[in-house]
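Please take a slow walk through the structure shown below, pausing at a few places where side chains meet.

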Amino acid sequence: MNKINIGRKYLFPIVLVALTLSFGACDKFLDKAPLDSVNTDNFWRTESDAISAINGAYQPLQWPKLYNLRIWTTDIWAGNSIVGAGGGTDGIETQDIANFVTSTDNGTALDVWRGPAPGILRCNLVLQNVPDMDIKESTKSRVLGEAYFLRASYYFILVRLFGEVPLITTPLNPGDDLRQPRASKDAIYEVIKNDFTKAIDLLPSKSTYVGADIGRANKGAAIGMLAKVYLTLGDYQKTAELCQQLEGEGFALNANYANNFNPATKNSMESLFEIQYLGKTNFSFWDNENQASWCSAFMGPRNADFVDGGYGWNQPTQEFVDAYEAGDLRKDITVFYDGCPQFDSKDYSPAFSNTGYNVRKFAVDKNVTQGAYDNNPSNFPVLRYSDILLMYAEALNETGRSQEAQATASDINSGGPLNRVRLRAGLPNISGFSQQELREKIQHERRMELAFEGHRWFDMVRTNNGQYALDFLHSIGKSNAAAKHLLLPIPQKEIDANPNLSQNPGY
């Protein structure tokens with residue numbers, strides 16, 4: 001078990017005391033930079049200052065407003081699972097989105113609207129101040145690359161969930177107009193593409209990181225995220241080119257799918273980028289500053305004594321479980337089901353869940369968490385190499401290269417991108433599919449490979465201008481789902497505070 005070492009674990013510093021105190025209340029895009037509370041004579045001078053500043057820009061990714069809760073609950077919206085939990089109003093904000101009765105006071109919408117704001121502000125401060133610092137050029141380049149990577153990542157979350165949002169690329173100063181309007185999606189995506197491109201030029205390869213720096217944004221992660229941006233925008237040629245660039249960055253599939261979720265094998269060769277968690281800290285489990293992953297405690301079977309916590313969230317549906325092909329090795333790793341392999345020498349009972357199933361891939365046994373629900377050191381995967389291979393297969397298929405997409409793979413390290421992922425899952429090569437048949441097969445493969453990692457909703461809404469999402473949701477009985485639900489509502493609290501914000505259509 002890793003011990004807490006704030007000096008060693010770069011993502012978890014108590015740094016920039018004045019900045020952090022101000023940022024702690026920064027729940028809106030409209031918060032101005034706290035220049036009046038930072039002694040600029042004593043900060044933005046040393047290499048340590050630059051590193052501390054960029055470390056703080058990572059932290060909002062870890063918070064419950066983003067990857068420690070809200071991002072993975074998008075699989076519930078997408079129909080892979082139900083909230084489950086304690087019943088009644090437990091998780092009602094997620095239930096409402098998943099049942100497509102979302103209102104403008106929805107708590108999830110407010111969380112994910114506000115969640116990226118502190119990270120964007122911290123990135124903007126880095127990008128404003130670090131270029132003029134007299135520090136080692138290699139450190140300066142890396143810190144700026146990280147800031148571009150993180151800012152693009154935050155805006156990519158926002159634009160896919162809300163569409164148009166305020167676009168702020170410099171810190172707002174006292175006297176500036178804080179009531180920023182929404183920018184066009186085109187303008188936001190232009191910043192995202194430019195930021196990731198700059199990050200590619202500035203960041204080192206993952207293999208150069210050692211010790212406490214392992215887990216930082218790297219060149220391969222920036223290439224992969226930019227590929228996902230172009231895939232979202234339907235530029236399949238550019239997506240294919242970027243996926244090909246990654247072949248020389250040293251990433252590969254883990255032989256064992258489970259190693260992507262095992263806290264003992266964090267930041268593995270399959271990982272392009274993941275959210276870092278340390279485990280036990282002095283902060284409350286429910287605080288933003290908490291450094292323990294929520295996944296095992298939240299998704300562990302309720303009343304089962306399998307994991308520390310066990311709140312029973314995110315229960316897979318029968319339809320999802322039925323989607324597994326016979327022999328798919330990922331099923332036993334991803335889902336608890338009646339007759340599944342034991343977990344920590346315990347048998348699973350379908351009585352633990354409303355659907356008869358629970359998510360298994362993030363469950364951490366008590367030997368790791370040492371009897372404390374707030375002590376989980378597991379990271380959360382944001383971008384894995386299997387995702388890149390499936391993006392590449394989709395891009396090849398959409399650019400008329402369907403046979404390359406489904407070329408035979410002799411092993412998981414060579415051959416067609418789709419079949420490499422299938423072979424790792426214990427499934428046979430496929431071949432001879434038409435372009436349309438292969439579209440459906442790749443979507444299916446993405447659903448099973450990346451289940452409960454927060455990708456399915458975004459895959460659904462980007463496909464066929466969202467019609468794929470509506471058709472699927474209607475097919476599983478979500479008759480309320482309509483075009484307006486492909487975006488979340490702008491929180492009414494934000495509109496009340498800023499009259500320059502408009503509401504998304506239909507809300």
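Lys366 is partly exposed, because its relative accessible area of 25% falls between the limit of under 20% for buried residues and that of over 50% for exposed ones. In this predicted model, Lys366 forms a salt bridge with Asp305, and the closest N and O atoms of the two are 2.3 Å apart. The pair joins distant parts of the chain, since Lys366 belongs to helix 14 (residues 366-369), while Asp305 lies in the loop between helix 11 (295-299) and strand 3 (313-316), 61 residues apart. Side chains of opposite charge can pair when their charged atoms come close. The structure as a whole holds 34 salt bridges.

Two further salt bridges meet at Glu449. In one of them, the side chains of Arg330 and Glu449 come together at 2.9 Å, N to O, and this pair again links distant parts of the chain, with Arg330 in helix 13 (residues 330-334) and Glu449 in helix 18 (residues 435-449), 119 residues apart. Both Arg330 and Glu449 are buried. In the other, Arg384 forms a salt bridge with Glu449, with the closest N and O atoms 3.0 Å apart. Arg384 lies in strand 6 (residues 380-384) and Glu449 in helix 18, so this pair ties together parts of the chain that are 65 residues apart in sequence. Arg384 is buried, as is Glu449. These residues belong to a network of salt bridges, whose members include Arg330, Arg384 and Glu449 together with Glu325, Asp328, Arg422, Arg424 and Glu453.

Arg422 and Arg424, both named in that network, also lead to helix 17 (residues 417-424), which is mostly covered, with 7 of its 8 residues buried. The buried residues of helix 17 are Pro417, Leu418, Asn419, Arg420, Val421, Arg422 and Arg424. What do they pack against? The buried residues of helix 17 pack against helix 13, strand 6 and helix 18, as well as against helix 15 (385-398) and helix 16 (402-405). Just after helix 17, Gly426 takes a positive phi of about 80 degrees.

A charged residue can also be buried without such a partner, as Lys206 shows: Lys206 is buried yet has no salt bridge, and the nearest side chain of opposite charge, Glu274, is 6.3 Å away. Lys206 lies in the loop between helix 8 (185-202) and helix 9 (219-233). Which backbone oxygen does the side chain of Lys206 reach? The side chain of Lys206 reaches the backbone oxygen of Asn267, at 3.3 Å. When residues up to four places away in sequence are not counted, Lys206 touches Asn218, Phe251, Asn267, Ser268, Met269 and Ser271.

Another buried polar residue is Asn80, which counts as buried because its relative accessibility is 0%. Asn80 lies in the loop between helix 3 (74-77) and strand 1 (81-84). A polar contact of 2.8 Å joins the side chains of Asn80 and Arg447. Leaving aside neighbours within four places in sequence, Asn80 is in contact with Asp75, Pro316, Thr317, Phe320, Arg447, Phe452 and Arg456. Asn80 and Trp457 are 377 residues apart in sequence, whereas in space their C-alpha atoms are 9.4 Å apart.

The aromatic rings complete the walk. The count of aromatic pairs comes to 31. Phe156 and Tyr189 form an edge-to-face pair, with 6.4 Å from centre to centre and 70 degrees between the planes. This pair links distant parts of the chain, with Phe156 in helix 7 (residues 137-162) and Tyr189 in helix 8, 33 residues apart, and both Phe156 and Tyr189 are buried. Trp294 and Phe298, by contrast, form a stacked pair, with 4.8 Å from centre to centre and 5 degrees between the planes. Trp294 and Phe298 are both buried, and ring pairs link them into a cluster with Trp72, Phe285, Trp286, Tyr311, Trp313 and Tyr373. The ring of Phe156 also has a charge over it, for the charged end of Arg160 sits 3.7 Å from the centre of that ring. Arg160 lies over the face of Phe458 as well, at 4.0 Å from the ring centre.

Technical notes
Residues numbered from 1 in each chain as written. Heavy atoms only, no water. Helix = DSSP H or I, 4+ residues; strand = E, 2+ residues; numbered from the N terminus. Buried < 20%, exposed > 50% of the residue type's maximum accessible area, 1.4 Å probe, protein only. Lys, Arg positive; Asp, Glu negative; His and termini not counted. Salt bridge = Lys/Arg side-chain N within 4 Å of Asp/Glu carboxyl O. Polar contact = N/O pair within 3.5 Å; in protein donor to acceptor, adjacent residues only side chain to side chain. Contact = heavy atoms within 4.5 Å. Phe/Tyr/Trp six-rings, centres within 6.5 Å; stacked < 30°, edge-to-face > 60°. Lys NZ or Arg CZ within 6 Å of the ring centre and 35° of its normal.
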